[in-house]
Amino acid sequence: MRLNILLLFLLCCSSVQAQKRMLIPSGCAFDTDVKNLNPYTFDADPQAQQIVGEICAAIGIQQKFQLQSADVKNALACERDGQRFILYNTDFLKEFQADARSKWAAYGVLAHEIGHHVNFHNFNEENPARRKELELEADRFSGFVLRSLGATKDEAKTAVSNLVNKTETATHPPPTARNLAVVNGWNDQDVRLRNMGVTGVNNPSGNNGNTTIVRDSDGDGIPDGQDGCPDVPGETLLKGCPDADGDGITDDEDACPYKKGETRWKGCPDTDDDGIPDNKDKCPYLRGELIDEGCPPADNDNDGIPNKTDRCPDKSGKVRYRGCPDTDGDGVPDPDDKCPNEKGDPNFEGCQTDIKQSTAIPDKKENINPSAKDLHLLITDENGLPISGANIDLSDCYGDKGKTNRDGKFYFDELLRPIDCNVSIHQIGYIDATIALRDFGKQKVKISLVKDTREDFHGYVFDEYTKAPIQKVIVQVQLPDGILETSTDSAGFYSFNIDPSVTYLVSYYKNGYVDAVVRTFFSSKDNNRIANVNLEKNH
Ligand SMILES: [Zn+2]
């Protein structure tokens, strides 16, 4: 739309002006980045040419760049095919020329753009930090030029103050930083000129020194008497003191003047939110405690258990062994295991031994972790008497295996999230048990084992005619809850583990022989021997 109006205006009033489009891959506008612009450009008008001429004359350079009017936002500097350009917006310039008080803003903007050229800036700079430095260089140059042209500090700052967004952008620093650069450039040239005996500055607002001058040494618009920081330009809201990071805490009070922070941390941030501000935090991006200077607690062996609570701080271990390893996996952590590389008995300090002697040995496992919640499996017999040395298998729960201590207890860890799982218990003399537990890891569990009253019975199978032993005869016992099966060896021998003093049906099968079913009373007399069975061949 704007373009159309502009064209119309040009057609009826400025037919002498040449008009063409110009493709700008990258450049620098006064307050924004420029990428792939394609504006219409026109010959520069005399007013703009005059300002640029004054600037070049003040610093003694030849105008090596082309000045063009264009439909751009305010002004920009760019380079194309080795030719440097400054494009400016005519309306923008006229706006400032209309008002004597803002006249210097036009000078400031054009000086900034010229500053990019005289400093040979690379408009393709991709590094944001470097890019911002380039902007500050151009601003500093602008301050320098405006002092040369006789502007006051305040006047030198009008361009940034009036045109720049309050916030920082990806390419341009915040206005506070930019005006500081302008003032620094202004001060440099001021010292130089004063040393040469030039003291005066022009003042388009008409105050030429005859009336009372209110001193404002830092030129931030706040008179020295009311300025908390009279020598440094600053913010009106902060009594004239600067606040580079814009966190509302003035730089002189700000322990981190260039990082936005919080009042409680004296202007510093606490990035990891661990209550230790970044400037005092040795690990600002990792949560930690004050005692560790803000870093996570030291954990030399990396097992997740901090050194200070790790019983084996230099060997990676398990929580249930307070950070110690159990190399042989026998449930006795290495420091307590007299045989650390050989699976052993917890009751015998991790060494292999006869479990029947276990009652005489003090329980090691109990000493290991007295502070735990005393979570354990208690294994007893049917009369409630503890069974020591019972094999506990928690593979299904969390992978632990071991044996009960002399009190029949097997300690386990409290689980953050209790689980439903199976625990298997095996002990000679008792029937193996696999018990489904609900919410394992939360509370103590008591399990009673049923005494195994079974005994070994054995017998032989022979050929009825030859009296030779028959091998591979399938022998089955019909139990009330299933079938017990075995087969004979080359001696015709077979055996069963079965309750004594009970009568069962026992069947004998072999291809080529007639099946036999024998009612058998399993008597403990006669050494648990079952009467010989003779099979008859099929005809
Ligand atoms: Zn710029």
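Reader: What share of the 539 residues in the protein chain is buried?

Author: Buried residues make up 34% of them. A residue is called buried if 20 or more other C-beta atoms lie within 10 Å of its own, exposed if 12 or fewer do, and partly exposed in between, with C-beta atoms placed from the backbone. This is a predicted model, in which local features need pLDDT of at least 70 and side-chain atom pairs count only at pLDDT 80 or more, while totals for chains, interfaces and linings use all residues. Residues are numbered from 1 along each chain as its sequence is written.

Reader: What makes A70 buried?

Author: A70 has 24 C-beta neighbours inside 10 Å. The cut-off is 20 or more, so A70 counts as buried.

Reader: Where is A70 found, and which residues is it in contact with?

Author: A70 is found in strand β5. Helices (H or I, at least four residues) and strands (E, at least two) are DSSP runs, numbered from the N terminus. Two residues are in contact if their C-beta atoms, placed from the backbone, lie within 7 Å. Leaving aside neighbours within four places in sequence, A70 is in contact with P39, Y40, T41, F42, L87 and N89.

Reader: Why is K467 called exposed?

Author: K467 has 9 other C-beta atoms within 10 Å. The limit for exposed is 12 or fewer, so K467 is exposed. Its place is in the loop between β15 (455-463) and β16 (474-479). Phi of K467 is near 65 degrees, a positive value in a residue other than glycine.

Reader: Why does N528 count as partly exposed?

Author: N528 has 17 C-beta neighbours inside 10 Å. That count falls between the limits for exposed and buried, so N528 is partly exposed. N528 lies in the loop between β20 (516-521) and β21 (533-535), and it has a positive phi of about 60 degrees although it is not a glycine.

Reader: What makes C283 partly exposed?

Author: C283 has 17 C-beta neighbours inside 10 Å, so it is placed between the two limits as well. C283 lies in the loop between α8 and α9 (364-368). Leaving aside neighbours within four places in sequence, C283 is in contact with G288, G294, C295 and P296.

Reader: How many helices and strands does the protein chain have?

Author: The protein chain has nine helices and 21 strands.

Reader: Why are α5 and α8 called oblique to each other?

Author: Two packed helices are described by the angle between their axes and the distance between the axes. Helix α5 (residues 128-148) and helix α8 (residues 175-195) pack at an angle of about 40 degrees, with axes 7 Å apart. Axes are lines fitted to C-alpha atoms, for helices over the stretch in contact, and angles run from 0 to 180 degrees between N-to-C directions. Angles under 35 degrees count as roughly parallel, over 145 as roughly antiparallel, 65 to 115 as roughly perpendicular and the rest as oblique. The angle of about 40 degrees belongs to the rest, so α5 and α8 are oblique.

Reader: Which residues of α5 and α8 meet, and what classes do they fall into?

Author: Residues of α5, including L136, F141 and F144, meet residues of α8, among them A181, V182 and W186. The residues of this contact divide into nine nonpolar, six polar and seven charged. Here Ala, Val, Leu, Ile, Met, Phe, Trp, Tyr, Cys and Pro count as nonpolar, Asp, Glu, Lys and Arg as charged, and the others, Gly among them, as polar.

Reader: How do you know that α3 and α4 are oblique to each other?

Author: The axes of helix α3 (residues 90-97) and helix α4 (residues 103-118) come within 6 Å and cross at roughly 140 degrees. That angle lies in none of the named ranges, so α3 and α4 are oblique. In their contact, L93, F96 and Q97 in α3 meet K103, A105 and A106 in α4.

Reader: How do you know that β4 pairs with β5?

Author: Two strands pair if DSSP finds at least two bridges between them. β4 and strand β5 (residues 66-70) have three bridges, so they pair, in the antiparallel sense. D43 stands opposite Q68 in β5.

Reader: What makes β11 and β14 edge strands?

Author: They belong to an open sheet of three strands in the order β11-β8-β14, with mixed pairing. β11 (409-411) and β14 (445-448) each pair on one side only. Three bridges join strand β8 (residues 376-380) to β11, and the two run antiparallel. L377 stands opposite F410 in β11.
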